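Colleague: Could you take me through the aromatic rings in this protein? I'd like to see how each label is earned.

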Amino acid sequence: MDLRFGDGKPTDEERAAVDALLGPPESSWEGADRSDADLRWARGGREARDRRDQLLPALHALNDRVGWISEGALDYVCRRLTVPPAEAYGVATFYAMFSVRPRPATVLHVCTDLACTAAGASELCATVEARLAPESGVKVERSPCLGLCERAPATLTIRAGQPARPAFEDEAVQAEGGSGGAAPGDGKGKGRRGRNTLHATAVCAPATPDRAIAAATAPETAPTEPAPETAVPQTGDPDLTLLHRVGTTDPASLDDYRAHGGYTALRRAFALGPAGVIREVTDAGLVGRGGAAFPTGRKWQATAAQPDHPHYLVCNADESEPGTFKDRVLMEGDPYALVEAMTIAAYATGAHRGYLYLRGEYPRALARLTHAIEQARTRGLLGDDVLGQGYAFDIEIRRGAGAYICGEETALFNSIEGHRGEPRSKPPFPVEKGLFGKPTVENNVETLVNVLPILTMGAEAYAAIGTPASTGPKLFCVSGSVARPGVYELPFGATLGELLALAGVRDNLRAVLLGGAAGGFVRADELDIPLTFEGTREAGTTLGSGVVMAFDDTVPLPRLLLRIAEFFRDESCGQCVPCRVGTVRQEEALHRIADRTGAAAADDIALLREVGRAMRDASICGLGQTAWNAVESAIDRLGAYE
């Protein structure tokens, strides 16, 4: 592709897709027909450049409408937003869900990550590829984790150019014209409204070749995706704190949410005031549930104290860690809880604008949250005067497009701003200079939803759950060789064995992976490990975001390790040498020793250790720093190549 303004012209369909998002062009400088006025001065300039954050939504609009991004379409987006073509090309090629080469309008994504690999995804993908003829109009793509690990193997079909329709039997959102954008005003308060297209999708999990092909070629016969509560084996348990509404409350009904205690926490937040809310969160001992375990109250206080304004709130709903799906279940089964929790967090930190960065592979969560935000705005729970308290706050959904690295907070900020999702060097930290260079608080979905019980039951009662160092309930994503995979809620301090007993671990358990691809393996005789941040650390492993993947002796461990290495090689953003080169060298070494053990593998294992240490010590962000963890634990704890 020629990386300058070229002669490529957008088709009428491509132009319409972009104009539906950005509005019609105002001058020939933006792609309209030339007029005499355009010959005398250029319009746009700073105002057009200030819309750079609309680049990712514009690429989504093209991908949703056409299925790929042509040179002419990208050129038109660049003119509309005054973005250099080389930079826009860099963004478009950064995300796995976009293509700058022609492809069919229907793309069948087959998950080949850890849980799906263990469930036969490679054979599924090979069979589907063999049976789908080129003239079928379907492109099969091997995909990283789709967040459907409890129903592995899984596929996701995305159909471009078709009118949106209710994708799920129980969906109560409108099929067309859904807006996930904020109320009038962009992310920086400058008067525009973003939109999110509810494009046609079909989720198939667990998938067989027949079901996957039917979902891709005959959408009217595609199986209905199960309700989110099917992923919660504890549904109906009165002792649940975070999951008690999933399966018992209509996720599309604001009235039902309020009848089950919704918006009680927000009313108490207004009674306490911002400082009082932060004090409650701090006293409760809440720490981040994404894996870093940073104290949430300290983060909120540091943001609220910044004199620079505006402040922003970002909800990180881009859970892409293989084996993680808890945030998906919360968003699909209890979307209003997240809207309320974001409002409380914004109120406490002085933010009036919130961004919800959502995984592009979560179509039902997009539909549910879009509807919830619209209903909350209509009922005065978002907007210029929330609950009549004189506080203004609104939420805009931004869709990711398939980039694991965007789970890192500063990479996520770059993605929202319309740049490649590459991490930034710290300091400055996000609480000082985050999104758009302003103080920003970023939390994931589970962390934010924990704020609701803190305010309704009080900090002291919340802190009494769990252990003194790890307070409150925790969600665990259990998958693999278990009878009842799904999301489980347990207080911190429960052991790994107790959790696996609930899930029905199978006989001949060989290993358990804690923390996902960035975590570590433990042996089958180490099930007494307490599931707390401090307990797993003392055991030489990590709790991470709550991933628990069990593998019996039928799962080939070297193949799993190789898939982990492939995952990190693919997902490395390439910004720093230790990660960019190290992930490739790690995969190469694992390929060489895949079928070797003992002395024959010794040299490559030594090389793996050297490369792993370099990545851990010198990588910019957590991706490179943790890319060696699972392989190291498999070698040292499991004797993978002995």
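Modeller: Sure: there are 16 aromatic pairs here, where a pair means Phe, Tyr or Trp rings (for Trp, the six-membered one) with centres within 6.5 Å. This is a predicted model, where local features need pLDDT of at least 70, side-chain atom pairs count only at pLDDT 80 or more, and totals for chains, interfaces and linings use all residues. Residues are numbered from 1 along each chain as its sequence is written, and side-chain values use heavy atoms, leaving out hydrogens and water.

Colleague: Why is the pair of Y404 and F567 called edge-to-face?

Modeller: Planes under 30 degrees apart are stacked, over 60 edge-to-face, and the rest tilted. Y404 and F567 have 75 degrees between their planes, with 4.8 Å centre to centre, so edge-to-face it is.

Colleague: What makes this pair tie together parts that are apart in sequence?

Modeller: Y404 lies in the loop between β7 (394-399) and α15 (409-416), while F567 belongs to helix α21 (residues 557-571), so the parts they tie together are 163 residues apart in sequence. Helices here are DSSP runs of H or I with at least four residues, strands are E runs of at least two, and numbering starts at the N terminus.

Colleague: How do you know that F567 counts as buried?

Modeller: Buried means under 20% relative accessible area, exposed over 50%, and partly exposed in between (1.4 Å probe, protein chains only). F567 has 2% relative accessibility, so it counts as buried. Y404, at 14%, counts as buried too.
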